[in-house]
Amino acid sequence: MSAPYSPKSRNASRGASIIISSLLVALLVAGCGKKADAPAAPAAGGPPPAEVGVVTVATRDVGLITELPGRLEASRVAQVRARTAGILQKRLFREGSDVRAGQALFQIDSAPYQAALQSAQASQARAEANLSQATAQADRFKPLVEANAISKQDFVNAVAAQKTAQADVAVAKAAVTSAGITLGYGSVTSPISGRIGRALVTEGALVGQGEATQLAVVQQIDPMYVNFTQSAGEVMKLRNAMAAGQVQKAAGADAASVSVILEDGSTYSKPGKLLFSDLTVDATTGQITLRAEVPNPTGQLLPGLYVRVRVEQAQANNAITLPQQAVTRTNQGDTVMVVSADGKVSPRPVKVAAAKDNQWVVLSGLKQGEQVMVDGFQKLRGTAPVKAVPWNPIGTKPAAAAAAADAKAPATAVPADAKASAAPSAATAKQ
């Protein structure tokens, strides 16, 4: 039988319900307060400044390199021609080989000229015989005229005949010499040392008939000449910079050293030297002609080959070199982005002279120690400050990036043996 319900027990139950309700309300209020305060933490910080690659400005003396198109030319060129008429009998050289000065190259039929030489020699012998007779008669008349045994006129005639015979002998000797020279032309020799090309005529051809027929061409290819042109405007700009003291003339006896860039982009191993520059400007092209001499002992360079020439024409004092991507070039001028000590980025106009080794040579607009932005232009957000980090060329890994990559790398895998030894311990722990 249950106990009777009393007012005292009803009041006790009501008090317990009030206490539990109060505790629940307090817990709900505390939880809502924490959720409301949680998003406020990130708002107090803000995004970190963007990292950009920079280089520190340093001044030094830089040689100003100019690259120009050019063409190779043999230092000496000689056309081998037939200097006498006749039938070509022999070719005495191998096409494309090196020949020496005076080396026989062709043989022309010289039989007619041999006969002409013999005839001239016979005429000389006859003239010498006449001279001997005239000389003997003049010597015989000399004592007779002194003794008045003959007239003086006879003696004068004898002396005149002697001198005429002497002149005839001189003419005969000259004819012999001329015939010998003509006979020598039958053997065609090389006028210079060099490399000979293909033969322009074949055996059996009639050459030298009415004109000196060209038989071959010999070219001296060591050293070689490089002919190239430069714009007159660039030359004047360079001279004005020299006059203003911004650049100085390159050192050396020839004022410039030349490097030849071949068609495949490689640099020829032997440096050349600048010989001269033309004193006039071509009225049709506005170019000034330049010539350089390049050694070619192995014959690698060939006449007529198109190349590019790099010549150091001047030297800039206290100049600055910057990577080409750091400089923005427009019609209004050249500018770079300078990062200050507090991370502010601002444009700066500069004066660029020329390119050297994939870098621009800057003559003015920057000071030593300033930081110039090279990479990270896409990260700029208005006037927001940036964080300057040393720039590294492509192919190298910055130290900061390497550390970040190591931090993000996955943990080292546990060897299979270690996993196997750890398995029994785990099973034991579960037991």
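## Salt bridges

A salt bridge here is a side-chain nitrogen of Lys or Arg within 4 Å of a carboxyl oxygen of Asp or Glu. The model is predicted. A search of the whole structure finds 7 salt bridges. One of them joins K387 to E51, at 3.8 Å from N to O. This pair links distant parts of the chain. K387 belongs to strand 20 (residues 386–390), E51 to strand 1 (residues 50–56), and the two positions lie 336 residues apart in numbering. K387 is partly exposed, at 42% relative accessible area. E51 is also partly exposed, at 38%.

A second bridge brings E67 and R310 together, 2.9 Å from N to O. E67 lies in strand 2 (residues 59–81) and R310 in strand 14 (residues 306–323), so the bridge ties together parts that are 243 residues apart in sequence. E67 counts as partly exposed, at 34% relative accessibility. R310 has 35% and counts as partly exposed. The contact does not stand alone: E67, R308 and R310 are linked in a network of salt bridges.

R195 and D98 also meet in a salt bridge, with 3.1 Å from N to O. R195 is in strand 7 (residues 194–196) and D98 in strand 4, 97 residues apart. R195 is partly exposed, with a relative accessible area of 29%. D98 is exposed, at 54%, because that value is over the 50% cut-off.

## The aromatic pair

The whole structure yields 1 aromatic pair. Its members are F93 and F106, arranged edge-to-face. The ring centres are 5.3 Å apart, and the planes make an angle of 80°. The pair links distant parts of the chain, with the two positions 13 residues apart in numbering. F93 sits in the loop between strand 3 (86–91) and strand 4 (98–99), while F106 sits in strand 5 (residues 104–108).

Both rings belong to buried residues. F93 has a relative accessible area of 7%. F106 has 0%. Each value is under 20%, so each residue counts as buried.

## Charges over rings

F93 has a further partner. R91 lies over the face of F93, 5.5 Å from the ring centre. A similar arrangement involves W360: the charged end of R329 sits over the ring of W360, at 4.4 Å from its centre.

## Helix 3 and helix 4

Helix 3 (residues 111–146) has 36 residues. Its first and last C-alpha atoms are 54 Å apart. That is close to the 52 Å expected at 1.5 Å a residue. Just after helix 3, N148 takes a positive phi of about 60°.

The buried residues of helix 3 are Y113, L117, A120, Q124, A127, L131, A134, A138, F141 and V145. Helix 4 is included in what covers them. Q162 gives a view of this packing. Q162 lies in helix 4 (residues 152–184). Leaving aside neighbours within four places in sequence, Q162 is in contact with L131, A134, T135 and A138. Among these partners, L131, A134 and A138 are buried residues of helix 3. Q162 is itself buried, at 16% relative accessible area. The cut-off is under 20%, so Q162 falls on the buried side.

S178 is another residue of helix 4. S178 is partly exposed, with a relative accessible area of 42%. The C-alpha atoms of S178 and L117 are separated by 8.2 Å, with the two residues 61 apart along the chain. L117 is one of the buried residues of helix 3.

## The four-stranded sheet

An open sheet of 4 strands has the order 6-5-3-8. Pairing is antiparallel. The edge strands are strand 6 (187–189) and strand 8 (206–207). Each of these pairs on one side only.

Strand 5 and strand 6 run antiparallel and are joined by 3 bridges. In this pairing, A104 stands opposite T189 in strand 6. Strand 5 also carries F106 of the aromatic pair.

How values were computed. Residues numbered from 1 in each chain as written. Predicted model: local features only at pLDDT ≥ 70, side-chain atom pairs only at ≥ 80, totals over all residues. Heavy atoms only, no water. Buried < 20%, exposed > 50% of the residue type's maximum accessible area, 1.4 Å probe, protein only. Contact = heavy atoms within 4.5 Å. Phe/Tyr/Trp six-rings, centres within 6.5 Å; stacked < 30°, edge-to-face > 60°. Lys NZ or Arg CZ within 6 Å of the ring centre and 35° of its normal. Expected span 1.5 Å × (residues − 1). Pairing = 2+ DSSP bridges.
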